[in-house]
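Open the structure in your viewer and keep the residue selection tool at hand. The stops below go from one selection to the next.

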Amino acid sequence: MATMAHLFKHLSLKARLLLTILPLVVSGLWLLAVRVTGVMQSELEQMLAAQLSTTVEYVSTDLDSKIQLRQDSMALIAAGITPALLTSPSALSAYLQQKRMPLSIFPTGVFAANADGVIVGEQIPLPGRLGGLITTSSYFLQTMRTGEPVISEPRLGQVAQRPIVFMTEPLKNAAGRTVGVLAAAMYPGDSHLFGKLESIKLGESGHFVVLAPQHNLIVSATDQSRVMQAIPTRGLNPLLDRRLDQGYDGPGVSVTSQGVETFSVSRRMKTTGWLVLAGVPTQEAFASIAALRWQVYLAAFLLSVLVALALYEILRRQWAPIDAAGARIRRMTEGREPFAPLPIERKDEMGSLLDDFNELILWRKKAEHQMEYLAHHDTLTGLPNRVLVQDRFVQAKSRADRDGAKLALLFLDLDGFKTINDSLGHGVGDALLRQIAERLGGCVRDSDTISRLGGDEFLVLLSGIASADDTGPVLLKLLERLHEPARVDGRELSTSVSIGVAIYPDDGRDFDTLLKKADMAMYRAKDAGRNTYRYFDEQMNVEAVEQLALRSDLRHALERSEFVLHYQPQIELATGRVVGAEALVRWNHPERGMVMPMRFIPAAEESGLIIPLGAWVMHEACRQAAAWRRAGLPSLVMAVNLSAVQFRRGDVEQTVIAVLEAAGLPPEWLELELTESILIHESEGVLATVRRLKQQGVRFSIDDFGTGYSSLSYLKRFEIDKLKIDRSFVRDLAVDADDAAIVRAIIQMARSLGLSTIAEGVETDEMLSRLRAFGCDEAQGYYFARPMPVQEFEHYLHEQNARAD
């Protein structure tokens with residue numbers, strides 16, 4: 001079924017319409033043909049039933065009248081026989097011979113028997129009959145018992161060897177008691193009785209059958225071989241069973257015991273209770289209707305063919321415009337014919353459909369032009385996009401090769417655009433980008449191409465230059481124009497641009513290579529402080545390849561367990577004891593050796609790998625701190641650095657809680673070091689996280705304090721525990737009065753705010769003395785110890801605390 005549905009869906013609409021309508025029409029024709037033949041057969045059956053019923057009714061009535069005549073004749077004779085005659089055989093015989101009837105009624109005449117069953121008189125003398133005994137005959141016994149006339153069970157006559165039936169009439173005395181029996185033999189097969197059935201024609205092969213149900217015998221039949229045979233066993237012919245058991249006399253069709261399907265009708269004789277049945281084989285009875293049925297079916301078939309051809313021709317003619325339109329449309333889509341409106345020659349539904357198609361063609365042409373434009377232009381600024389600038393690069397490259405000139409590809413990225421877009425909304429950002437696009441157009445020649453890559457990135461293709469120096473005036477003009485404030489929605493917005501430059505063919509001979517190198521140069525301009533430009537040089541490519549390799553290795557470092565932690569002790573200056581340790585990650589690269597954080601941490605932050613790496617560092621540091629506590633070593637505060645990326649993209653709070661629980665380390669022995677940039681740029685989210693962790697007992701410190709946007713307000717809001725003085729101030733503490741003043745101010749401010757301080761980068765005894773003089777609480781640096789693996793740190797911890805004691 002599913003396969004048929006699948007095939008049907010792949011046919012043409014014309015074929016589907018034909019296959020849908022044609023079966024309905026043809027089915028109607030054939031239903032009508034079947035209905036007509038069915039009605040004709042029903043009417044024929046009724047007519048045949050009426051004819052058979054009339055025939056059977058006539059036959060059964062005629063037979064009943066003949067048997068009744070015999071019964072009446074016997075009653076008339078019996079009325080004249082007195083008990084006295086029964087005692088005088090001669091007188092009785094004389095009486096009977098006097099009452100002689102035609103031989104056609106009783107061929108052997110009647111005879112009388114007394115109560116003892118002795119035949120005492122006969123109408124026609126037969127050898128040996130007079131004086132014979134019939135005491136064992138059922139018809140004699142039944143008549144004597146009931147005192148009523150009896151028609152006996154048919155049986156085969158001993159002399160004639162044909163069916164014989166005995167009829168009786170009781171002989172009674174004046175008191176009404178049966179004193180004898182008057183009997184006569186009757187041959188059903190005689191021509192005067194059932195024998196005449198053979199002369200009645202029921203078609204070519206119709207037949208009569210007379211059944212004696214009470215005796216289960218066939219009394220007479222057109223087929224003489226069935227006479228005196230038993231009636232077919234119950235169950236073989238349900239219709240016959242119904243006639244015998246329920247008295248049904250109506251028409252019906254059944255299969256006879258000879259295996260012939262027959263249409264039959266029956267009547268039950270009143271005198272004998274026998275059943276007269278007339279039947280005609282259905283093959284003969286319905287021969288005329290069968291021939292007529294095939295004629296009707298043939299006519300239906302021919303009409304179906306004509307309807308199919310007519311329907312196909314109608315659909316073909318109606319569908320011709322669609323087929324012609326479809327052929328033209330295929331030629332159009334295959335490029336063999338240009339798209340153009342189709343001619344309309346009709347005003348019906350087909351014409352309306354073609355008119356709609358022509359509207360679609362016109363719309364398509366407009367859409368193609370629009371799509372062509374959108375495929376090569378930026379929707380926001382209307383500038384060429386990457387596809388178009390790449391195509392123009394190919395054309396400009398051909399001209400440059402022909403003229404011996406060069407090309408310059410400028411990669412521009414707006415400085416600070418993300419802040420404007422995020423803070424003021426995308427609508428303001430889009431308006432600013434449109435103004436930037438207009439300004440760019442005023443900075444270059446008509447032969448140059450300006451393109452927007454997306455976001456705040458633009459490309460400028462300068463053609464026909466002699467050397468890289470020719471780009472200088474354009475670059476300066478771009479920097480100057482894009483640095484001018486822009487007014488959007490009543491706001492004055494300031495921005496600038498960082499530009500990277502790649503030269504064709506010096507830096508590459510294809511667009512993608514130049515684009516990649518101009519992008520590298522742009523990032524170098526960003527690193528140089530922004531609002532400037534940089535030309536690509538090969539060293540940038542080397543560094544970029546190195547950085548890519550580093551990132552690739554970094555992705556597998558955690559899986560390969562290549563990271564290790566080193567610990568640098570933090571010393572309490574008042575006692576000289578080790579009170580804390582800073583966990584510092586190192587990368588034990590299988591090929592590069594030990595890689596320091598300054599090389600891989602930026603790459604980890606850019607790629608997002610800092611999140612799983614930071615979680616591992618925290619877990620390993622807390623695990624180690626808890627292990628030292630269980631080993632009986634002095635409790636140390638474990639300091640762990642957190643990256644801004646972890647706050648923006650990771651779930652710091654859940655990570656800290658899970659790590660502390662897994663390590664079994666009390667929260668007060670964990671110190672998280674935050675940079676000032678985290679507190680400034682992520683203030684609200686960080687504030688909520690810091691406060692919840694503070695409630696858990698976790699400590700917080702500010703790393704590299706004094707190098708960023710230091711503010712007393714966030715120190716108060718974030719409830720910081722410790723300030724870490726940056727090594728840049730500590731390094732020149734002994735020789736630079738300004739640095740000394742800054743360090744002293746930080747320590748005094750922290751003390752007034754209730755914060756502790758720790759100085760990093762302590763390398764000389766003089767630095768240490770100054771810090772103690774200023775009242776600094778803790779210090780760390782090479783003066784005390786370098787960052788050490790865990791075993792060395794444990795050894796150092798034992799020695800240092802022993803020395804302090």
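In which sense do strand β25 and β26 pair, and over how many bridges? Select residues 722-725 for β25 and residues 756-760 for β26. The two strands pair in the parallel sense, over four bridges. The model on screen is a predicted one.

**Stop 1: around β26**

Within this pairing, pick Ile725, which stands opposite Ala759 in β26. Next add residues 778-780, which form strand β27. β26 pairs with β27 as well, in the parallel sense and over three bridges. Here the residue to click is Ile758, whose bridge partner in β27 is Glu778.

Now add residues 765-774, helix α25. Together, β26, α25 and β27 make a right-handed β-α-β unit. Is β26 enclosed or open to the outside? Four of its five residues are buried, so the strand is largely enclosed by the rest of the structure.

**Stop 2: two cysteines**

Select Cys622 and then Cys776. Cys622 has 0% relative accessibility, so it counts as buried. Cys776 has 6% and therefore also counts as buried, the cut-off being under 20%. A search for disulfides will return nothing, as the structure holds zero of them.

**Stop 3: the hairpin of β7 and β8**

Select residues 207-212 for β7 and 217-221 for β8. These strands run antiparallel, and four bridges join them. Leu211 is a place to begin, with Ile218 as its bridge partner in β8. Five of the five residues of β8 are buried, so this strand is largely enclosed by the rest of the structure.

Move to the loop between the strands and pick Asn216. The hairpin has four residues between its strands, and Asn216 takes a positive phi near 60° there. Asn216 is not a glycine. Most residues other than glycine have a negative phi. At 36% relative accessibility, Asn216 counts as partly exposed.

**Stop 4: the ends of α14**

Select residues 511-527 for α14, and include the loop that joins β17 (496-504) to this helix. Pro505 sits in that loop. What is the peptide bond from Tyr504 to Pro505, cis or trans? The bond is cis, with omega near 5°. Most peptide bonds are trans.

Go on to the loop between α14 and β18 (533-535), where Arg530 is found. Arg530 has a positive phi of about 70° although it is not a glycine. Its relative accessible area is 43%, which makes Arg530 partly exposed.

**Stop 5: salt bridges**

How many salt bridges does the count come to? The count is 24. A few of them are worth selecting in turn.

Begin with Arg234 and Asp245, whose closest N and O atoms are 2.9 Å apart. Arg234 is in the loop between β8 and α6 (238-246), while Asp245 is in helix α6; the two are 11 residues apart. Arg234 is partly exposed, with a relative accessible area of 45%.

Then select Arg452 and Asp378, whose side chains meet in a salt bridge of 2.9 Å, N to O. Arg452 belongs to strand β13 (residues 449-454), and Asp378 to the loop between α9 (349-376) and α10 (386-403), 74 residues apart. Both Arg452 and Asp378 are buried.

The next pair is Lys406 and Asp506, with a salt bridge of 2.9 Å, N to O. Lys406 lies in strand β12 (residues 406-415) and Asp506 in the loop between β17 and α14, so this pair ties together parts that are 100 residues apart in sequence. Asp506, at 49% relative accessibility, counts as partly exposed.

To end this stop, select Asp413, Asp415 and Lys526 together. These three residues are linked in a network of salt bridges.

**Stop 6: a nonpolar surface patch**

Turn on the surface and select Leu298, Phe301, Leu302, Val305 and Leu309. They make a nonpolar surface patch of about 470 Å². Val305 lies in helix α8, which covers residues 287-333. Is Val305 buried or partly exposed? With a relative accessible area of 35%, Val305 is partly exposed.

Technical notes
Residues numbered from 1 in each chain as written. Predicted model: local features only at pLDDT ≥ 70, side-chain atom pairs only at ≥ 80, totals over all residues. Heavy atoms only, no water. Patch = residues over 30% accessible without salt bridge, like charges linked within 9 Å, V, L, I, M, F, W, Y side chains within 5 Å. Areas by Shrake-Rupley, 256 points an atom, 1.4 Å probe, with all protein chains shown as cover. Salt bridge = Lys/Arg side-chain N within 4 Å of Asp/Glu carboxyl O. Buried < 20%, exposed > 50% of the residue type's maximum accessible area, 1.4 Å probe, protein only. Pairing = 2+ DSSP bridges. Right-handed = clockwise from strand over helix to strand, strands pointing away. Disulfide = S-S within 2.5 Å.
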